[in-house]
Amino acid sequence: LPSFPTRRSSDLYSLNVTVVPSGPLGFLTMWPTGEDKPAVSTLNSLDGRIKANAVIVPAGYQGAVSVYVTQTANVILDIDGYFAPVSGSTLAFYHLAPCRVADTRYTTFPPGLGSPHLSALVERDFPVLSSSCNIPDTAQAYSFNFTAVPYPGLGHPLGYLEVWPKDQKPQHQVSTLNNLTGTIVANAAIVPAGTGGEITALANNDTDLVIDINGYFASAGQGGLSLYPAAPCRVIDTRQLGPPFIGTLSPPVDVVDSPCGPPATAQAYVFNATVVPPGAMGYLTLWPDGIGRPLQFSTLNAIDGWITSNMAIVSTTNGKVDAYASGLTQLILDISSYFAP
């Protein structure tokens with residue numbers, strides 16, 4: 001597992017949490033064992049489907065984390081890395097402008113990063129460094145957002161998508177996301193770079209795959225950032241402000257001046273983003289305030305109209321972030337940590 005730096009005396013885990021509910025599940029929350037349960041959520045499954053979400057959570061008492069669910073559910077935890085006190089072996093985080101690395105729906109991407117779609121149970125390598133996202137070959141791990149788009153169209157289920165560094169397949173099966181209802185599903189993941197900087201993906205059914213990047217991890221150097229944990233806190237809940245919005249949220253989300261109070265030195269925030277749409281909502285995009293909206297980048301999708309969450313690492317230069325929704329929705333942003341020098 002890759003090790004990343006944190007300004008904390010104990011570790012934080014980079015996890016993928018999957019719920020397998022026995023019926024409707026209001027929400028799931030994770031937090032460090034020994035601390036009070038926070039008033040935030042990690043994911044929701046009101047329709048009772050299998051769902052996954054990435055989370056960065058501090059280790060609690062004896063290295064444990066606690067899980068709370070509002071209704072009966074099985075829970076699966078997969079780990080892809082951890083954050084440890086700064087040392088010569090930890091990797092620093094370098095944020096990037098949000099960028100689309102690959103999209104198997106189109107032929108316009110560099111070789112190996114566009115069509116065709118992923119075929120059922122056939123491994124496919126993605127040459128990440130060949131993308132137009134300016135990722136240096138010094139990158140040892142990537143901060144990705146993966147989106148599964150059913151092939152040949154909506155309604156075609158995908159049991160699971162699994163991603164790993166090329167030539168380093170996990171000894172035990174893990175999953176990155178699930179899409180049994182055949183909608184469009186996104187999930188964040190930190191994935192180490194494999195041979196030649198490539199990653200490998202495997203889906204148990206035909207699917208298209210979109211890969212977006214917001215940063216990478218490499219040896220400590222100029223511009224490298226460490227992770228600072230924060231008490232889980234709700235930055236914004238637009239349900240408290242008025243009706244659902246569509247298009248670009250105005251004003252931008254003022255994170256640094258919110259009740260959560262992250263310091264002005266923060267250069268990227270770790271959010272759990274949740275949309276609560278009144279109906280179908282194609283996608284949500286979060287990006288740094290002060291730059292144009294990235295047209296080929298998305299944070300999550302809720303085309304089926306259900307409450308949907310995803311972890312998002314969002315850079316900032318002024319303590320604010322922007323949000324764009326392609327359909328009517330309410331937005332909740334919970335912060336769990338931030339990156340700073």
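Start by selecting Ser115: at 35% relative accessibility it counts as partly exposed, because the partly exposed class lies between under 20% for buried and over 50% for exposed. The model on screen is a predicted one. Ser115 has its place in the loop between β8 (91-103) and β9. Add Leu209 to the selection and draw a C-alpha to C-alpha distance. The two residues are 94 residues apart in sequence and 9.4 Å apart in space.

**Strand β14 and its neighbours**

From the loop before β9, move on to β9 itself, residues 124-126, and show β14 with it. Three bridges join β9 to β14, and the two strands run antiparallel. To see one contact, select Phe126, whose bridge partner in β14 is Ile199.

Next, show β11 (158-165). This strand also runs antiparallel to β14, and five bridges join the two. Here Leu161 stands opposite Ala203 of β14.

Now color β14 alone, residues 199-203. Is this strand buried or exposed? Five of its five residues are buried, so β14 is largely enclosed by the rest of the structure. Look along the strand to sort the side chains: Ile199, Ala201 and Ala203 point one way, while Thr200 and Leu202 point the other way. Residues on both sides are buried.

**The largest pocket**

Keep β11 visible and add β2 (12-21), β7 (73-85) and β13 (185-192); each of these four strands supplies at least two residues of the lining of the largest pocket. The volume of this pocket is about 410 Å³. To centre the view, select Ile79, Asp80, Val163, Ile190 and Pro192, which lie nearest the pocket centre among the 24 lining residues. Which strand gives the largest share of the lining? That is β13, with six residues. Coloring the lining by residue class gives 16 nonpolar, six polar and two charged residues.

**The second largest pocket**

The second largest pocket has a volume of about 320 Å³. It is lined by 23 residues, and those closest to its centre are Met30, Ile56, Pro232, Ile335 and Ser336. For the surroundings, show β3, β5 (51-58), β16 (226-237), β19 (268-276) and β23 (320-340), each of which supplies at least two lining residues. The largest share, five residues, comes from β5. By class, this lining divides into 16 nonpolar, four polar and three charged residues.

**Rings and charges**

Hide the pockets and show the aromatic side chains. Twelve aromatic pairs are counted in the model. For one aromatic cluster, select Phe83, Phe93, Phe217 and Phe339.

Two places where a charge sits over a ring are worth a stop. At Tyr68, the charged end of Lys37 sits over the ring, 4.5 Å from its centre. At Tyr324, Arg293 lies over the face of the ring, at 3.7 Å from the ring centre.

**Last stop: Gly34**

Finish at Gly34, which is found in the loop between β3 (25-32) and β4 (43-45). Gly34 counts as exposed because its relative accessibility is 72%, and the cut-off for that class is over 50%. For a closing distance, select Pro157 as well. Gly34 and Pro157 are 123 residues apart in sequence, and their C-alpha atoms are 39 Å apart in space.

Definitions and conventions: Residues numbered from 1 in each chain as written. Predicted model: local features only at pLDDT ≥ 70, side-chain atom pairs only at ≥ 80, totals over all residues. Heavy atoms only, no water. Buried < 20%, exposed > 50% of the residue type's maximum accessible area, 1.4 Å probe, protein only. 1 Å grid on protein atoms, 1.4 Å probe; cavity = no way out; pocket = protein on both sides within 12 Å on 5 of 7 lines; lining within 4 Å. Points joined across faces, edges and corners; volume = space filled by probe spheres on them. Nonpolar A, V, L, I, M, F, W, Y, C, P; charged D, E, K, R; others polar. Phe/Tyr/Trp six-rings, centres within 6.5 Å; stacked < 30°, edge-to-face > 60°. Lys NZ or Arg CZ within 6 Å of the ring centre and 35° of its normal. Pairing = 2+ DSSP bridges.
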